[in-house]
Each structure stands twice: as C-alpha cells, then as structure tokens.
Amino acid sequence: MRKSTKLALAFVALAGAVGTTAYAENNASAKIREGTMVRLNKAMKDSNGTITFDQFSDAMNARLKKLVADNGGKLTVAQLADALEKARFEQMARRIIARYDTKGDGTLTSDDITSREKKVFAMLDRNNDGKVEKSELPKGGHFGRHRQWDNDGNDMQ
C-alpha cells in the first residue's frame, strides 16, 4: 500500500474520532439537562421523594462548589475555564481510548490504532481488492456520522 494511502486512512480514522467529539458537543445541552434530572431524581430518591434547598443545591452544584473551595473561596474565569477544559478533554480522551482500545486495558497503543485503521479500511474496501477507490467512498462526504476534512484539515461540510 502506498504511503499516501496509509496517511490518508490514518487521517480518516483520526478525523472520525474528532468528528465524534464535535457531534457530542452539539448535544451538550440535552446531556446537561439529562444530567440535572438524574442528579435531582437521585437526591429525591435518597430522601423519600422531597428535597430541601440545601439538598437541591448540593445536587446541582457540588462540583462547582468544590472548585470554589479548592481555590480559596474564589474562582476566577481562568481557573473555571481551566477546570472545564480539563474535564472536556478528559471526556474526549476516554471516548477515544474506548473506541480504539482493543485489549480493554484503558490504554492506547500503536497496535490499537493500527487495528482500528484496518477495520475502517476493510469497511471502505467494499470489493475486498486491497485498495480503496473513490467509488467506494461514502456518498456525500459522510463517513458514518462524522464530519469529513480535506487534506488541508478544512471541514468539508
């Protein structure tokens, strides 16, 4: 297989992982609401169907209050942004590792990445001739639900 084909397929696999994250971010509001309801339902179940303001407050903002306490009682925009960014990237990293980790040990290796690339290549190579032709690529530039990027990294949608 030519080096340019290998690089293109590696890029497609990476773009798929990044595209999944972008898709997930579009659903962030719904997930926040869902998470809020889960926390409220748990708090109510733990206290026989009703909650006080203090219980409500603890259920809603426990992590935020912990961040404030951990930073001397005040939280700056930069500190909050750092905490949010870290949480977002940790979530992205967990998703990527879950997708690529073939041994299920919570780590990512070159073999895991190669295994994933082989699966993606096999799905694209519909006639099983060991090559992916343009006619075998998904129509409309969509590869599953993921966004597609051109060779310069520009979003093609």
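**A note on the chain, helix 5 and Asp112**

1. Let's begin with how the chain meets itself: among contacts with a separation of 6 or more, 31% are between residues 24 or more positions apart. Please keep in mind as you read that this is a predicted model.

2. For the overall layout, you will find five helices and zero strands. Reading from the N terminus, the order of elements is α-α-α-α-α.

3. Next, burial and surface. Of the 157 residues in the chain, 18% are buried. The chain has an accessible surface of about 11,700 Å², and carbon and sulfur atoms contribute 57% of that area.

4. Helix 5 is a good place to look next. It covers residues 110–124 and has 15 residues. From the first C-alpha to the last, helix 5 reaches 21 Å, close to the 21 Å expected at 1.5 Å a residue.

5. Which residues of helix 5 are buried? They are Asp112, Val120, Phe121 and Leu124.

6. Asp112 deserves a visit of its own. This residue sits in helix 5, and its relative accessible area is 0%. Asp112 therefore counts as buried, since the cut-off for that word is under 20%.

7. What does Asp112 touch, leaving aside residues up to four places away in sequence? Its partners are Tyr100, Asp101, Thr102, Lys103 and Thr107. With one of these, Lys103, Asp112 also shares a polar contact of 3.3 Å between the side chains.

Note on methods. Residues are numbered from 1 along each chain as its sequence is written. This is a predicted model: local features need pLDDT of at least 70, side-chain atom pairs count only at pLDDT 80 or more; totals for chains, interfaces and linings use all residues. Side-chain values use heavy atoms; hydrogens and water are left out. Helices (H or I, at least four residues) and strands (E, at least two) are DSSP runs, numbered from the N terminus. Buried means under 20% relative accessible area, exposed over 50%, partly exposed in between (1.4 Å probe, protein chains only). A polar contact is a pair of N or O atoms within 3.5 Å; within protein, one must be able to donate a hydrogen and the other to accept it, and residues adjacent in sequence count only if both atoms are side-chain atoms. Contact means heavy atoms within 4.5 Å. Accessible areas come from the Shrake-Rupley method with a 1.4 Å probe; for residues, only the protein chains shown count as cover. The expected span of a helix is 1.5 Å times one less than its number of residues.
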